[in-house]
Amino acid sequence: MGSQHRDNYDFAGDYNLNGIILQAHDGTGGSFGEGGVNIQPLVQELNVYEGITQTAIYGTLVIVDSTNLIANLPIQGTERLFFKLSTPGTSETEHIIDASEQTGHPFYVYKVSNKQQMKQGTLVYTIHFASREFLRNIRTKVSQAYSGKMSSIVQEIMADKQGLDSRKTLYYEETKNQDKIVMPNIPPFKAISLVAKRALPKQGQSVGYYFYETTKGFYFQSWENMCANGTQTRDPIQTYYYQPRNITDPELEESGDPSDNKVLQDLRSVEDYKFINNFHDTAAAQALGTYGHRVISYNLYNKSFTPTDYNYHKEFNKTVHADYTDDAGLTGTAPQVRENPVDFDNNSVSDYAESMVSLSPTTQFLHDEPTGGYGTDVADDGRFEGIRNSQRMQINAGTTIEMTVPGQTQIQPGQIIDFQLRPVEQEGLTRDGKAYDPQYSGRYIITKVRHRVTKQDYKMVFECKKDSVRESIPGKRITDFAGTANNENTKFSKLNN
């Protein structure tokens, strides 16, 4: 289990893993010796899960045990787990999954499941583990007031020695808004999620942040920041192709060792993929306020109502999205639905503000400040809520793809990949001569990663999303839905008694 050549690939899916140490609750290996026991020979499969909607990473070990490890260690659900997983040639800390005691952050065992006797003298079971912060979040609560920038409040919660007490790096995007927030005896992750919901980026026009843990640390950032650094497009961490194995990547044909080229091509090749949500449900999107949304803000302080209408097509190009049609970034984004009329009143899907109507309570002077729920002018609350809701719906209901690729430990959620999907036409070209699918190829944000390590190889299963399309959907913008039919009225016909 693991590579024979630490610095060179033998094949795509090769990896370095020199030991998986399980340490008992008393810091020993139980009856197996001091310091812990190396269970790597017993491990049939190692899985590590991370994602932008997960506040902590977790994983599993599938064990085939003929030594009765459960009783002889023993395993009671408070053990620590050490290992260091890397792909050949990687040495930088941010490119390694480091759960070692010396240089990384060990995992903590919390459950054993699926125990069964496969045959006489052999047990099969699954060990579940998670990061230290996962368990600290269960054991501690936050019960105090915080004031200042939203990004600073998250830093305070993360570093609280009586609370989460994280020893990992927090990568954060600075916020422009600040407020005073009282946390009413809630878990640290829930307290951070309350802050994340109200966070406004210092650069950008989006509303709301993601807080998540990867194998490299914690992240507190907006979707826009995953897509671009300000107005500068972020480069993809990897370009992937779905094509027959006997077709060589043109970039690798020019020079180099053929065997190295074969490995590099295989690293870029998608073994399998499927669309989880390949065509968004426009009926559901309208009902959930993705395109049109009327937010009625009720000010508890002065007992006033303020309606604010959100319009998808007016707001779309104000924020950064996953896919662009040019290098300029903001000006080239293409919405997933055109602005054409959809009914006899010649309105687009964005013009029906009453598709979703919500009541959003707010107040002023809660902490002696005239600000609203976002720490800004109370009049902004309705607009911000409409933007926040639509952005989440665009992401959740956008194009979602799951793909299996050879493992690389430097890849993590929140990064961009470029997926080149060939068109389905037999000639390999679209009708207008493109060698890629113009709607489903392009830039995706990695939202979930499953690292799957077996005795044979290391694979990753991605879930990737995008909230825009690579190229604008073709077709003229029409101004009249149905010509003269628009002038017709409802017809009534009385039935005979």
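What follows is a conversation about salt bridges in this predicted model.

Colleague: How many salt bridges does the structure hold?

Modeller: A pair is counted when a side-chain nitrogen of Lys or Arg comes within 4 Å of a carboxyl oxygen of Asp or Glu. By that criterion, the total for the structure is 21 salt bridges.

Colleague: Which residue does Glu174 meet in a salt bridge, and how many residues apart are the two?

Modeller: The side chain of Glu174 meets that of Lys202, with a distance of 3.5 Å from N to O. Glu174 sits in the loop between strand S12 and strand S13, while Lys202 sits in the loop between helix H4 and strand S14, and this link between distant parts of the chain joins residues that are 28 residues apart.

Colleague: Which strands are linked by the salt bridge of Lys274 with Glu402?

Modeller: The closest N and O atoms of Lys274 and Glu402 are 3.9 Å apart, and the two residues lie 128 residues apart in the chain. Lys274 belongs to residues 272-277 and Glu402 to residues 399-406, so the pair links strand S19 and strand S23.

Colleague: Is Glu315, which forms a salt bridge with Lys318, buried or exposed?

Modeller: In this pair the closest N and O atoms are 3.6 Å apart, and Lys318, at 47% relative accessibility, counts as partly exposed. Buried means under 20% relative accessible area, and because Glu315 has a value of 18%, Glu315 is buried.

Colleague: Which residues are joined into one network by salt bridges that share partners?

Modeller: Here the salt bridges have partners in common, and through them one network is formed. Its residues are Arg132, Lys161, Asp165 and Arg167.

Conventions:
Residues numbered from 1 in each chain as written. Predicted model: local features only at pLDDT ≥ 70, side-chain atom pairs only at ≥ 80, totals over all residues. Heavy atoms only, no water. Helix = DSSP H or I, 4+ residues; strand = E, 2+ residues; numbered from the N terminus. Buried < 20%, exposed > 50% of the residue type's maximum accessible area, 1.4 Å probe, protein only.
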